[in-house]
Protein chains: 2
Amino acid sequence: MYEYDCLNTPDRRVRRTRQAIQRALVELILEKGYDAVTVTDVIDRADIGRSTFYAHYTSKQEVLFGNLDRFTEFLRAESEASPGKLFAFSLPMFQHIQEQRTLLRALIGRRSGSPVVAHSEKVLAGIVRGELLAYLPDGGHPPRPLDLMVTGIVGAFMALVREWVEGDLTETPEVMNDAFLALVLPGVEALLAQAPG
Amino acid sequence: MYEYDCLNTPDRRVRRTRQAIQRALVELILEKGYDAVTVTDVIDRADIGRSTFYAHYTSKQEVLFGNLDRFTEFLRAESEASPGKLFAFSLPMFQHIQEQRTLLRALIGRRSGSPVVAHSEKVLAGIVRGELLAYLPDGGHPPRPLDLMVTGIVGAFMALVREWVEGDLTETPEVMNDAFLALVLPGVEALLAQAPG
DNA sequence: TGAGTTCCGGAACAAGGTGTTCGTTTATGT
DNA sequence: ACATAAACGAACACCTTGTTCCGGAACTCA
């Protein structure tokens, strides 16, 4: 499943229909959030027949996956363009994302994820932020790069937890914790060290 | 909303009912995935009346948030127990998670999130893994801590992207990229440096 | 133990979403 | 221009949601 999107079909009607569906879905997600969007909404907005929708896609999900492939292709290309360079994909990716922010917000934005996860991340971010601030001299840092760092730290932690509980938990908590700290601590300490006195 | 869970109600029936609902939902999420679970499923599994469910909760979401508070409380307590120590929460949290893995898998596991995000992360993980391996001497590292590092890196990157597109994108791509690299690069280089020749 | 309150069960309901079918009409590629 | 393939649209059976009602049961507290 989710193999392709065939926007280069010989038939023009197919292209028109699929683009109308994709555009409608992205619009609606940004307006109402992913869960609240129904197939009926999409076909109304796209102004196509119900049977037409199901002739092309079997669900909302499948429509989004069609859009996704552009980005994965982009990622792969950037990585392969600079062999031997670490994280060569990241800057071009951020640039690409800025151009396509509307689409991206619908694809991976907060409204497309679980509110439970979002809430957990928010709580954790508050705690991490407090810990980092406690490490700084009073009135030290500009707050913005610190907040970005907090976001990254929380993202790394949650990703490790997710990966762990999803598998069979053969790793010990100590191993997981070491992995987390090994990845994150050096960068954090480097940033905190250059705090203005 | 989502304030509390009141499992310490004076009335025993209330406790029984709510626990039955929570248990049923967790079981069903692990079996079918969050989206596929309906309220009807839950009340069948919990063996309670439909009206009873809606007397206690207004949706699936709310049931999950009830469970969540245990963890946020735990987090806060651990962080405050060791003031001035960075990331004091992380090891106790991993230990706590191991004990409650069933619940956690339902709360924040992959089945509870968007398949689109999951797919993006998978693709990105493949790319990052390839880049790290290219940096290692042949046959160098034990693969497992490397995979954990990949997971953390991808988690940090995706979290930054999400935060960015969710806001108004006032940061430039360069600033975002710098934040990502500043957090992650020191740890990565430290790990790769200690690779066995 | 009893009195009074609170909760549960179960059926029924309207409203709305889903996914499929089928015959007709319209657009397309060669 | 013609054969083909796609879109339309109405109708459909089915499922999910959230609400209402009331008789009967379980509970708390004294």
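This passage describes how two protein chains of a predicted model meet each other and a DNA strand. Residues are numbered from 1 along each chain as its sequence is written, while chains are lettered from A and ligands numbered from 1 in the order in which they are written. Because the model is predicted, local features need pLDDT of at least 70 and side-chain atom pairs count only at pLDDT 80 or more, whereas totals for chains, interfaces and linings use all residues.

Chain A is superposed on chain B by a rotation of 180° with 0.0 Å of shift along its axis, at an RMSD of 0.2 Å (a least-squares fit on the C-alpha atoms of residues with pLDDT of at least 70 in both copies). The two copies are thus related as by a two-fold rotation axis.

Chain A and chain B each bring 73 residues to their contact, two residues being in contact if their C-beta atoms, placed from the backbone, lie within 7 Å. On the side of chain A that touches chain B, at least two residues each come from α4 (60–81), α5 (90–99), α6 (101–108), α7 (115–135), α8 (143–166) and α9 (173–193), helices being DSSP runs of H or I with at least four residues, numbered from the N terminus. The largest share of this side, 18 residues, belongs to α8(A). Since 100% of the interface residues of chain A are also interface residues in chain B, the copies meet through the same surface.

Around DNA strand D there are 21 residues, of which T17(A), I48(A), S51(A), V39(B) and S51(B) come nearest; a residue is near a strand if its C-beta atom, placed from the backbone, lies within 6 Å of it. With 4 residues, α3(A) gives the most to this surface near DNA strand D.
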